[in-house]
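Visitor: Could you take me closely through the part where the chains meet, and then through the elements that lead up to it? I would rather have one connected account than a list.

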Amino acid sequence: MEKRFASIWFPYLTTDRHAIRQPGLRNVPFVLATPVHGRMVITEANAAAEAKGVTRGMVVADAKACLPGLEVANAREGLAERLLRILGLWCIRYTPVVAVDLPDGLILDISGCAHLWKGEKPYINEITAKLRKRGFHVRMAIAGAIGAAWAVARFGKDPIVESGRETDALMPLPPAALRLEPGVVDRLHKLGLRTIGSFLHMPSSALRRRFGEGLPLRLRQALGREDEPILPLRPVPPYVERLPCLEPIRTAVGIEIALKNLLELLCRRLSGEGKGLRIATLIGCRVDGKTVQVGITTSRATASVPHLMKLFALKVPDIEPALGIELFVLEAGKVEEVDPVQEALWGGVPGLEDTALSELIDRLKGRTGVRAVYRYLPDEHHWPERSFREASFITEKLSGFWRSDRPRPTRLLAVPEPIEVTAPIPDYPPMLFRHRGEAHPIKKADGPERIEREWWMDPGEHRDYYYVEDDKGRRYWLYRSGHYGNDRPQRWFLHGFFA
Amino acid sequence: MEVKKENKLETVNRLKQDLLRWQGVALPESHTERVGLGPVEEAFPGAVFPTFGVHEFISRSREESAATSGFMGGLLSRLMGSDGVCLWISTSKLLFPPSVRAFGVSPDRIIFVDIARERDVLWATEEALKCSGLTAVVAELQEMDFVQSRRLQLAVEKSRVSGLILRCMPRVIGSTACAARWRIRSLPSVLAEGLPGVGFPRWEVELLKVRNGNPGCWQLEWSEGRFVPVMPAEQARGRFIQMQKIS
């Protein structure tokens, strides 16, 4: 489809806004000023002030000298950005792709939108009339390239430039219409190049040498020979399905039917493109104007309707339909490539990459009450609590190796429990320990195994571990914290149970 | 006369097998699928460990839970082989992952599911047991009634996953639909005379209930990566002395 862009220019954006708030300022000379080096400098002047010769960059004292009735207000930082954002969001009713064009304009990608207003002329009239009614001075132009639309909106006469005729439209315009840096514009004027037409046909290498890379680039953009990216105010998710309902939906069954229809549409499209979704959101627009939404995430890209349906089924009870939902929107927030070959290869082979397993993990993660699903990988630490770490994703490959040369308990207490111990002499295993009121005479013991604390991670004392077995054959992991000393009590702890 | 007797024995065996089949016990064709439990396997129907069944392990104390975890580790190493995946569902993070390495299971092949409430453990276990991509599911539970265990058993029969349920300090031990009910207790380890330290893990393995099998009690030791049946202590000592004499 042919690309068409509209540029909207607000020549007196901030002063218009003050005039809307205080209608008395509309027809009197009025400026906004900000202190620069101790002087008040005009940043914005309205039409009446400009007609009297007051322009931007003048000092307020000078302006007041030649125009005693001048109204002055303090300029506020960021007002233009805020206003443009609000106006841009308002413009979304005319096209979904609206971008803010600082400092004083908007850019609309109107490809395929104007015919809804019966052509581009009525389209422009509609928008400008609405904005003027609100009190803004506004100029608008439509062209096949952003640069051309921008130039014609500010400097041109005929607001509509047909695609392919940008050159003709730009010829009589001044070089400033090309969005150039002020220095370059001055130099062009100095050289007598007062219209774009006078240097349009010069070789671009010559222009680049004299005026820098900016000028040929801006020329190409204005003529539509180079694409210009714009940043939409509200990004359009590329994978969206909508389902308007004739009657508001209020029941869980109804929601599930709607969801199933949407998923089928979305998944057919995704699988056709060899993609799968990782994040999906179901948005329900209610009759009372509010929206409700539920989201799911998957651990690997999938386009399987039954699986996604199962994931959503866990969330459907959270949807509050109130008086009814009239529009369902299903968005795929994150989409990834799926390798169909790989899926076939792994199908049925039990392993971490198994599809059935990843679907199970998604289901477990989606359920409230399931705190976490994770794997452990070895970590390079001797300290028992740190000798393993959670894998950052469920299929992360094993990189190190698991040590098994030292006895380790099968069950480790998160918080070691203090015990009373009878130990003969330093560094010998205890003879008896008492835990929760029960005495455990020790028959066999291994140790000590000293594990130093990693001082760069946390302060504290080292531990001397003993692997002991009591008279009933129960095996424990005990440790003494720190060194033996006469001046302080020994602290012993039970840290785990062996098989 | 002899021939008739032989025929009778055959008929009885066949009838026994038929009975088992009607009761829903799937008997494998060959006896190769052993899990290395030695004499304990004789207690199961057809002398084969029911891999595709739910096994319930009762533990009365934290020490017994630890012993049971070790025993399960030994079982899992046989069930999982080199690339099986196991799911470990619990409400506590008590299992020390590096320790299962000693029982032949690579800890990174276990996926841990941490759950806030006991009620959701059963849900997660049932979902997991339905997933054919897994080899085994271990769930740490406290209470389980007949209906819940029946649901798990049915899920297992369809998906052919092993289910191991560790019931830590249960208040009520009712009847369940599990294939077997175990209790593992640690026994004093035995070392060669004069050696210091603690020996290989040794357990008293008690089969409290076996569906269509014979309950019993055995002593097993985990050494060199496998279960080794242990004779009572006196016999062992006798054998040790004998061996010394021979050498």
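**A close look, part by part**

Guide: A:H37 is exposed, because no more than 12 other C-beta atoms within 10 Å are allowed for that class and A:H37 has 5. This is a predicted model, and every value that follows should be read with that in mind. A:H37 sits in the loop between β2 (30-36) and β3 (39-45) of chain A, and although A:H37 is not a glycine, its phi is positive, at about 50°. Chain B offers a counterpart in B:N212, another residue other than glycine, whose phi is near 60° and thus on the positive side. B:N212 belongs to the loop between β7 (202-210) and β8 (216-223) of chain B, and B:N212 counts as partly exposed because 15 C-beta neighbours fall inside 10 Å.

Two prolines of chain A deserve a look before the interface. The peptide bond leading from A:L102 into A:P103 is cis, with omega near 5°, and A:P103 is placed in the loop between β5 (97-101) and β6 (105-109) of chain A. The bond from A:G447 to A:P448 is likewise cis, with omega near 0°, but A:P448 lies within strand β16 of chain A.

That strand brings us to the part you asked about. Where the chains meet, 46 residues of chain A are in contact with 46 residues of chain B. On the chain A side, at least two residues each come from α15 (355-366), β12 (370-378), β14 (411-422), β16 (438-451), β17 (463-470) and β19 (491-497). Of these, β12(A) gives the largest share, with nine residues. Sorted by class, the side of chain A that touches chain B consists of 25 nonpolar, seven polar and 14 charged residues.

In β12(A) the meeting of the chains takes the form of strand pairing. Strands of a sheet pair through backbone hydrogen bonds, in either a parallel or an antiparallel sense. Here β12(A) pairs with strand β3 (residues 110-115) of chain B in the antiparallel sense, over five bridges, and within this pairing A:V373 stands opposite B:V113 of β3(B).

The strands β14, β16, β17 and β19 of chain A, named above among the contributors, also belong to a barrel. Six strands of chain A close into this barrel in the order β14-β15-β16-β17-β18-β19, with antiparallel pairing, and the twist from one strand to the next averages 45°. Between β14(A) and β19(A), which run antiparallel, there are five bridges, and A:E417 stands opposite A:L494 of β19(A). Helix α2 (residues 62-80) of chain B packs on this sheet, where the helix touches β14 and β19 of chain A and its direction makes about 130° with that of β14(A).

From that helix we can pass into the interior of chain B by way of B:I184, a residue of strand β6 (residues 180-187) of chain B. B:I184 is buried, since 20 or more other C-beta atoms within 10 Å are needed for that class and B:I184 has 23. Beyond its neighbours within four places in sequence, B:I184 is in contact with B:F57, B:E64, B:A67, B:T68, B:F71, B:W203 and B:V205. The C-alpha atoms of B:I184 and B:S65 are separated by 8.2 Å, although the two residues are 119 residues apart along the chain.

Such pairing of distant positions can also be seen in the totals, for residues 24 or more positions apart account for 71% of the contacts in chain B with a separation of 6 or more. Chain B has 247 residues, and 44% of them are buried. Its secondary structure comes to five helices and nine strands, following the pattern α-β-α-β-β-α-β-α-β-β-β-β-β-α along the sequence.

Strand β4 (residues 136-141) of chain B is mostly covered, with five of its six residues buried, and this strand has partners in both β2(B) and β5(B). Strand β2 (residues 86-90) of chain B runs parallel to β4(B), joined by four bridges, and B:I89 stands opposite B:A139 in β4(B). The pairing of β4(B) with strand β5 (residues 162-168) of chain B is also parallel, over six bridges, and B:V137 has B:G163 of β5(B) as its bridge partner. Between β4(B) and β5(B) the chain passes through helix α4 (residues 146-159) of chain B, in a β-α-β crossover that is right-handed.

How values were computed: Residues are numbered from 1 along each chain as its sequence is written. Chains are lettered from A and ligands numbered from 1 in the order in which they are written. This is a predicted model: local features need pLDDT of at least 70, side-chain atom pairs count only at pLDDT 80 or more; totals for chains, interfaces and linings use all residues. Two residues are in contact if their C-beta atoms, placed from the backbone, lie within 7 Å. Ala, Val, Leu, Ile, Met, Phe, Trp, Tyr, Cys and Pro count as nonpolar, Asp, Glu, Lys and Arg as charged, and the others, Gly among them, as polar. Two strands pair if DSSP finds at least two bridges between them. A crossover is right-handed if, with the strands pointing away from the viewer, the path from the first strand over the helix to the second runs clockwise. Axes are lines fitted to C-alpha atoms, for helices over the stretch in contact, and angles run from 0 to 180 degrees between N-to-C directions.
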